[in-house]
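Biologist: Please walk me through this model. I will ask what stands behind each label.

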Amino acid sequence: METIESLGYLKGLLDGLDLDDNKKETKAIKAIVDVLTNLTEDVEDITEGMGILADQIDAVDEDLAEVEDYLMDDDCDCDDCCDDECQEFEVECPNCGTEITVDEDTVLEGSMACPNCGEMLEFEVENDEDEDEDEE
């Protein structure tokens with residue numbers, strides 16, 4: 001039996017007792033029933049609010065999954081992102097040992113935070129043209 005149904009049953013029992021409204025005991029019992037009514041309404045409001053929040057959390061979770069899929073997509077379509085061939089590099093975090101795949105743009109930026117532990121990873125880029133000039 002739901003709480004609201006139990007409260008209705010209790011009110012029916014009290015009405016069936018045909019209590020004298022002038023007695024202190026009757027006033028106390030009616031006050032208790034009023035408090036129970038208020039509590040039941042509050043619980044229903046909270047339950048409804050939790051349902052709404054659960055729906056919103058599910059929607060955010062679905063959106064986040066789509067963002068994660070987009071960001072973690074291993075297939076780079078070079079026609080959309082760049083003119084040259086996409087290059088990816090495997091980097092191991094010296095702090096936590098996590099292997100991270102980074103693209104050329106990230107390497108050219110020079111650093112990034114490890115997504116696992118937050119350690120700043122520094123990248124040094126050697127230019128092949130500079131090496132060719134040094135050899136001459």
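The questions below go from the overall make-up to single residues.

Biologist: What is the make-up of the protein chain?

Modeller: This is a predicted model. The protein chain has five helices and four strands. From the N terminus the order is α-α-α-β-β-α-β-β-α. Buried residues make up 12% of its 136 residues. The accessible surface is about 11,600 Å², and 48% of that belongs to carbon and sulfur atoms.

Biologist: How do you know that the length of α1 agrees with its number of residues?

Modeller: Helix α1 has 15 residues, and at 1.5 Å a residue they should span 21 Å. The expected span takes one less than the number of residues. The end C-alpha atoms of α1 are 21 Å apart, so the two values agree.

Biologist: What comes just after α1?

Modeller: Asp18, with a positive phi of about 50°. Asp18 is not a glycine. Most residues other than glycine have a negative phi. Asp18 is found in the loop between α1 (3-17) and α2 (24-71).

Biologist: Why is Asp18 called exposed?

Modeller: Its relative accessible area is 69%. Exposed means over 50%. Asp18 is therefore exposed.

Biologist: How do you know that β1 and β2 pair?

Modeller: Pairing needs at least two bridges. Strand β1 (residues 88-92) and β2 have five, in the antiparallel sense. So they count as paired. Phe89 stands opposite Val102 in β2. The two strands form a hairpin with six residues between them. Gly97, in the turn, has a positive phi of about 80°.

Biologist: What makes the side chains of β2 alternate in burial?

Modeller: In a regular strand the side chains alternate between the two faces of the sheet. In β2 (residues 99-103), Ile100 and Val102 point to one face and are buried. Glu99, Thr101 and Asp103 point to the other face and are not buried. The cut-off for buried is under 20% relative accessible area.

Biologist: How many disulfides does a search of the whole structure find?

Modeller: Zero. Cys96 is in none, and the nearest cysteine sulfur, that of Cys114, is 3.7 Å away. Cys117 is in none either; its nearest cysteine sulfur belongs to Cys93, 3.7 Å away.

Biologist: Why is the 3.7 Å between the sulfurs of Cys96 and Cys114 not called a disulfide?

Modeller: The sulfur atoms must be within 2.5 Å. At 3.7 Å, the sulfurs of Cys96 and Cys114 do not meet that cut-off, so the pair is not a disulfide.

Biologist: Are Cys96 and Cys117 buried, partly exposed or exposed?

Modeller: Partly exposed: Cys96 has a relative accessible area of 33%, and Cys117 has 34%. Partly exposed lies between the 20% and 50% cut-offs, so both fit.

Conventions
Residues numbered from 1 in each chain as written. Predicted model: local features only at pLDDT ≥ 70, side-chain atom pairs only at ≥ 80, totals over all residues. Heavy atoms only, no water. Buried < 20%, exposed > 50% of the residue type's maximum accessible area, 1.4 Å probe, protein only. Areas by Shrake-Rupley, 256 points an atom, 1.4 Å probe, with all protein chains shown as cover.
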